[in-house]
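Q: Please take a close look at the surroundings of the ligand. Which kinds of residue make up the shell around the ligand, and which come nearest?

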Amino acid sequence: MQKLYGLIGYPVEHSMSPIMHNACFREFGMMHVYHAFNVHPDHLEKAIVGMKALGVAGFNVTIPHKINCMKYLDKIDELAMKIGAVNTVVNENGKLIGYNTDGLGFVKALKDEACETLTNKKILIIGAGGAARGIYMTLADSGVERIDIANRTIHRADEIISDCSDSVQSTSLSLQQAECALKNYDIIINTTSIGMYPHINEMPISLDHLGEKKIVCDIIYNPLETKFLKEAKKRGALIQNGLGMFVYQGALAFEKWQGKFPNIDDMKQIVLDKLGGKTC
Ligand code: NAP
């Protein structure tokens, strides 16, 4: 039977998710359809009730609805509750269950592309927004030694650290403190929006004090190589962009809906083709 899946966000016009998920359905010979719905925040409750009434089989949730959607769902899984946001909803026999695949998407991409084992790693997350929360809560449970968070607004970093029940060593830092302490970390992750198209000449922090043999990640994927990653590469770091995270969070959502894991390399290629000339 053909089923409907979707994405709710505001705006969603430029989302890569429809092209990626529709290709995954074709890969498995499924007739299902994935559609992006532009839902104004004032209509969020009606949209979710409507999804349920129409029997939509599952949907993704993106900015600005990841937190507010939670109150309209029937159940929230443990990790999504810990993160405090939902990006994937499964309709299980008329009950809407909320999950979060963003953090796990990042961690899977990191292990796949840059660092097979995270045991005893010292990590710096720059930024303390929604994406940082998901990444922090997932990394906190992965055997790392410490995760510090640097943010312009320090109290947001403190909130993430105090909301986490895992006993991982952590402290909050200002962006200036982080710049001076870079040599203390094995992995540095930019989760701020600084450097994203069209502001491609901006960096969240200076990398002047970056030590040797570091892994530097940026969860931005447009451009594929931000100025932050370019500077890190010049200093000999192994770099990782946000494409892997985006593709893995989608693959994990697909797996929740279908019980099958799609081909990651094919998904990356589809997004790369779609980004085409827009990347810098
Ligand atoms: P968010 O919740 O709005 O958080 C934004 C973060 O960036 C906050 O820490 C904010 O600091 C910081 N920031 C923004 N402008 C700044 C500035 N001018 N100076 C210093 N700090 C600034 O956003 P989000 O949902 O976490 O998303 C963040 C980025 O990740 C976006 O670029 C998004 O596209 C990307 N992302 C990628 C994926 C993927 O799959 N690859 C998934 C999710 C998000 P304050 O707290 O001080 O405001």
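A: The shell around the ligand consists of 10 nonpolar, nine polar and two charged residues; here Ala, Val, Leu, Ile, Met, Phe, Trp, Tyr, Cys and Pro count as nonpolar, Asp, Glu, Lys and Arg as charged, and the others, Gly among them, as polar. This is a predicted model, in which local features need pLDDT of at least 70, side-chain atom pairs count only at pLDDT 80 or more, and totals for chains, interfaces and linings use all residues. Residues are numbered from 1 along each chain as its sequence is written, and side-chain values use heavy atoms, with hydrogens and water left out.

There are 21 residues around the ligand, and Ala 131, Asn 151, Thr 153, Arg 156 and Ile 219 come nearest. A residue is near the ligand if one of its heavy atoms lies within 4 Å of it. Helix H5 (130-139) and helix H9 (243-258) each supply at least two residues of this shell; helices are DSSP runs (H or I, at least four residues), numbered from the N terminus.

Three side chains make polar contacts, pairs of N or O atoms within 3.5 Å. Thr 153 has a polar side-chain atom 2.4 Å from an oxygen atom of the ligand. For Arg 156, the distance from a polar side-chain atom to a ligand oxygen is 2.7 Å, and for an N or O atom in the side chain of Arg 152 it is 2.9 Å. Taken alone, the ligand exposes 930 Å², of which the protein buries 75%; these accessible areas come from the Shrake-Rupley method with a 1.4 Å probe.

Conventions:
A polar contact is a pair of N or O atoms within 3.5 Å; within protein, one must be able to donate a hydrogen and the other to accept it, and residues adjacent in sequence count only if both atoms are side-chain atoms.
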